Amino acid sequence: MKFNALAQKAAMGSAPAAYGGALEVEHLIAFALEHGAAGADEIERLCALHGWLEDGLLPDGRRVVPFARWATACAAYARDGVAGLRPLLADPAMAAFAVGVLEAVRTRDAVAELLAYCERADWRASDAAAAPWRALGALNLQLSFDDSVPIDATLQHALYETAVKAWGATSVTHLKAVSLYALRGAPLAASLGWVDALVVADPDLVSARRVVLRSLKRRLDANYAAPDARKRREIAKARSRAT
């Protein structure tokens, strides 16, 4: 998106300019990824010009998009890349916004930063909008599909440990499902063995377990052709237990 296009969206639309005008969060993130430091300057200029809101809470109790916080996260990435978001991840008020930007970056460094954040996270929150659960959801989107971000076995193992930890920390069904689905991004013998041994009764988790088992077996089959004989033996052993 060009500079004048972003400025026009911020000034136009049915919503007041303080609420972002016709802007969407995706516009800001894409602009930051495209334009770097110059983009950060423009985002901050528009934020100050239109008085974008910090928390998005209106006097009547309604909520709108807190574009000022999105602007802070986008500008931090635009100037300093993944490293620029690290201090925001340590700020409870900003962590979810930093996660939202990292989800869109889709690089190994972004995945590693999300995993490092998850390793420090408290998984006891029961709200899917809490930053740790959003981070695990972002990892699922980045790593579980055919266009996934390429990562090595070290990061895959970190994801496996994170997902298992998150699963055990919550009793909320839809959050357990988030943990389970994220395991697709860790196609390891350990992941397949853990999911295969899992006993679930809730229909949603039964369905999720079936999907994850199928995905892991398919991905492990693809990895089976690798020249590492030890790895092939581990995969074959895990598959034999899961059949």
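The questions and answers below walk through a predicted model of one protein chain.

Q: How many helices and how many strands does the protein chain have?
A: Read from the N terminus on, the elements of the protein chain run α-α-α-α-α-α-α-α-α-α-α. The C-alpha atoms fill a box of roughly 60 × 40 × 30 Å, taken along the principal axes. The count of elements in this chain is 11 helices and 0 strands.

Q: What percentage of the residues of the protein chain count as buried?
A: A residue counts as buried when its relative accessible area is under 20%. The accessible surface of the whole protein chain comes to about 11700 Å², and 54% of that surface belongs to carbon and sulfur atoms. Of the 243 residues of the protein chain, the share that counts as buried is 47%.

Q: Among contacts in the protein chain between residues at least 6 apart in sequence, what percentage join residues at least 24 apart?
A: Contact here stands for heavy atoms within 4.5 Å. One pair of residues that lie far along the chain from each other is Asp146 and Arg219, which are 73 residues apart in sequence and 9.7 Å apart in space, C-alpha to C-alpha. Among the contacts in the protein chain between residues at least 6 apart, those joining residues at least 24 apart make up 64%.

Q: Which helices do the buried residues of α8 pack against?
A: Helix α8 covers residues 173–182, and its buried residues are Leu175, Lys176, Ala177, Ser179, Leu180 and Ala182. An α-helix has 3.6 residues a turn, so residues three or four places apart point the same way. The helices that the buried residues of α8 pack against are α6 (131–143), α7 (153–169), α9 (189–197) and α10 (203–223).

Q: Is Thr170 buried or exposed?
A: Thr170 has its place in the loop between α7 and α8, and, leaving aside its neighbours within four places in sequence, Thr170 is in contact with Trp133, Leu175 and Lys176. Because the relative accessibility of Thr170 is 8%, and the cut-off lies at under 20%, Thr170 counts as buried.

Q: Which residue has its backbone nitrogen 3.1 Å from a polar atom of the side chain of Thr170?
A: Thr170 belongs to the loop between α7 and α8. A polar atom of the side chain of Thr170 lies 3.1 Å from a backbone nitrogen, and the residue that carries this nitrogen is Val172.

Q: Why does the salt bridge between Arg79 and Asp41 tie together parts that are apart in sequence?
A: Side chains of opposite charge can pair when their charged atoms come close. In the salt bridge of Arg79 with Asp41, the closest N and O atoms are 2.6 Å apart. Because Arg79 lies in helix α3 (residues 67–89) and Asp41 in helix α2 (residues 25–50), the pair ties together parts whose separation in sequence is 38 residues.

Q: Which residues are joined into one network by salt bridges that share partners?
A: The side chains of Arg79 and Glu44 meet in a salt bridge of 2.7 Å, N to O, and this pair links helix α3, which holds Arg79, with helix α2, which holds Glu44, 35 residues apart. Arg79 also forms a salt bridge with Asp41. At 37% relative accessibility, Glu44 counts as partly exposed. The network joined by salt bridges that share partners consists of Asp41, Glu44 and Arg79.

Q: Which residue forms a salt bridge with Asp146?
A: Asp146 lies in the loop between α6 and α7, and at 70% relative accessibility Asp146 counts as exposed. Leaving aside its neighbours within four places in sequence, Asp146 is in contact with Arg218 and Arg219. The salt bridge of Asp146, in which the closest N and O atoms are 3.5 Å apart, is formed with Arg218.

Q: What is the phi of Arg106?
A: Most residues other than glycine have a negative phi, and most peptide bonds are trans. Arg106 lies in the loop between α4 (95–105) and α5 (108–120), and at 32% relative accessibility Arg106 counts as partly exposed. Although Arg106 is not a glycine, its phi is positive, at about 55°.

Notes. Residues are numbered from 1 along each chain as its sequence is written. This is a predicted model: local features need pLDDT of at least 70, side-chain atom pairs count only at pLDDT 80 or more; totals for chains, interfaces and linings use all residues. Side-chain values use heavy atoms; hydrogens and water are left out. Buried means under 20% relative accessible area, exposed over 50%, partly exposed in between (1.4 Å probe, protein chains only). Helices (H or I, at least four residues) and strands (E, at least two) are DSSP runs, numbered from the N terminus. Accessible areas come from the Shrake-Rupley method with a 1.4 Å probe; for residues, only the protein chains shown count as cover. A polar contact is a pair of N or O atoms within 3.5 Å; within protein, one must be able to donate a hydrogen and the other to accept it, and residues adjacent in sequence count only if both atoms are side-chain atoms. A salt bridge is a side-chain nitrogen of Lys or Arg within 4 Å of a carboxyl oxygen of Asp or Glu.
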